[in-house]
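Morning, everyone. Let me put the model up and walk you through its sheet, its helices and its charged pairs.

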Amino acid sequence: MVGSISARKAWEALERDPSAVLIDVRTPPEWASVGLPDLSTLGRHTQAITWDPYSANIFAKTLREAVPDQKTPIYFLCRSGARSQATAELAEDLGYETSINIVEGYEGPPDSTGARGHVCGWQKEGLPTRKPG
């Protein structure tokens with residue numbers, strides 16, 4: 001079964017388990033505009049692997065190359081938790097033992113004004129981020 005976790009709890013789990021991997025499944029334009037989770041203080045980096053439901057086989061191949069050991073705990077992140085749910089389910093289908101969706105995502109749902117990053121999620125929690133490049 002795919003697990004679900006908040007952004008804050010995911011950060012804490014990544015701090016505790018040096019073998020755990022964070023995979024951001026958003027697109028390059030999303031990474032460029034709002035940033036990526038920064039795991040450098042943990043001595044690691046976020047794996048950036050874009051999810052395209054029409055290219056699930058390519059995603060699966062890239063995932064297997066990035067995380068060859070199926071015992072490695074994987075945390076999946078997208079903007080608001082939907083794409084990361086799909087990728088967590090795919091990872092489970094591929095045989096990964098610990099596949100977890102960060103349900104709040106990086107930006108979370110929009111607030112009453114339509115802006116993201118203010119309700120919940122990686123940004124709202126003030127967790128480390130960086131701009132790619």
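Definitions before residues. Two strands pair if DSSP finds at least two bridges between them. Helices (H or I, at least four residues) and strands (E, at least two) are DSSP runs, numbered from the N terminus.

This is a predicted model, with local features needing pLDDT of at least 70, side-chain atom pairs counting only at pLDDT 80 or more, and totals for chains, interfaces and linings using all residues. Residues are numbered from 1 along each chain as its sequence is written, and side-chain values use heavy atoms, with hydrogens and water left out.

The sheet, then. It is open, has 5 strands, and pairs in parallel. The order reads β1-β6-β5-β2-β4. At the edges sit β1 (3-5) and β4, each paired on one side only.

Look at β6, residues 99-102. Strand β6 pairs with β5 in the parallel sense, over 3 bridges. Which residue of β6 stands opposite Phe-76? Asn-101 does. Ile-74, in turn, stands opposite Ser-99 in β6. Now the β1 side. β1 and β6 run parallel and are joined by 3 bridges. Here Ser-4 stands opposite Asn-101.

Next, the side chains of β6. I call a residue buried under 20% relative accessible area, exposed over 50%, and partly exposed in between (1.4 Å probe, protein chains only). Ser-99 and Asn-101 point one way from β6. Ile-100 and Ile-102 point the other way, and all four are buried.

Now what packs there. Contact means heavy atoms within 4.5 Å. Axes are lines fitted to C-alpha atoms, for helices over the stretch in contact; angles run from 0 to 180 degrees between N-to-C directions. Helix α4 packs on the sheet and touches β1, β5 and β6. The direction of α4 makes about 180 degrees with that of β6.

Stay on α4, residues 82-93. Thr-87 is in this helix. Is Thr-87 buried or exposed? Thr-87 counts as buried because its relative accessibility is 0%. Leaving out residues up to four places away in sequence, Thr-87 touches Val-25, Trp-51, Phe-59 and Phe-76. Ala-82 lies in α4 too. Ala-82, however, is exposed, with a relative accessible area of 56%. The C-alpha atoms of Ala-82 and Trp-11 are separated by 19 Å, and the two residues are 71 apart along the chain.

On to α3, residues 56-66. Its buried residues are Phe-59, Ala-60 and Leu-63. Down the axis of α3, these buried residues fall within an arc of 100 degrees, so they line one face of the helix. That arc is taken over the directions from the helix axis to the C-beta atoms. Why might such spacing work? An α-helix has 3.6 residues a turn, so residues three or four places apart point the same way. On the other side of α3, Asn-57, Ile-58, Lys-61 and Glu-65 are exposed. The cover over the buried residues of α3 includes β2 (21-24), β5 (74-77) and α4.

Charges next. A salt bridge here is a side-chain nitrogen of Lys or Arg within 4 Å of a carboxyl oxygen of Asp or Glu. How many salt bridges does a search of the whole structure find? It finds 6. I'll show some of them.

One is Lys-9 with Glu-12, at 3.9 Å, N to O. Both lie in helix α1 (residues 7-16), 3 residues apart, about one turn of the helix. Glu-12 counts as partly exposed, at 27% relative accessibility.

Another joins Asp-24 and Arg-26, with the closest N and O atoms 2.6 Å apart. Asp-24 and Arg-26 are both buried.

Then Glu-30 and Arg-83, at 2.8 Å, N to O. This pair links distant parts of the chain, 53 residues apart: Glu-30 in helix α2 (residues 28-34), Arg-83 in helix α4. Glu-30 is buried at 15% relative accessible area. Arg-83 is partly exposed at 23%.

Last, a charged residue without a partner. Asp-38 sits in the loop between β3 (36-37) and β4 (47-48). Asp-38 is buried, yet has no salt bridge. For charge, Lys and Arg count as positive and Asp and Glu as negative; His and the chain ends are not counted. The nearest side chain of opposite charge to Asp-38 is Arg-130, 4.8 Å away. Beyond residues up to four places away in sequence, Asp-38 touches Trp-11, Thr-46, Pro-128, Thr-129 and Arg-130.
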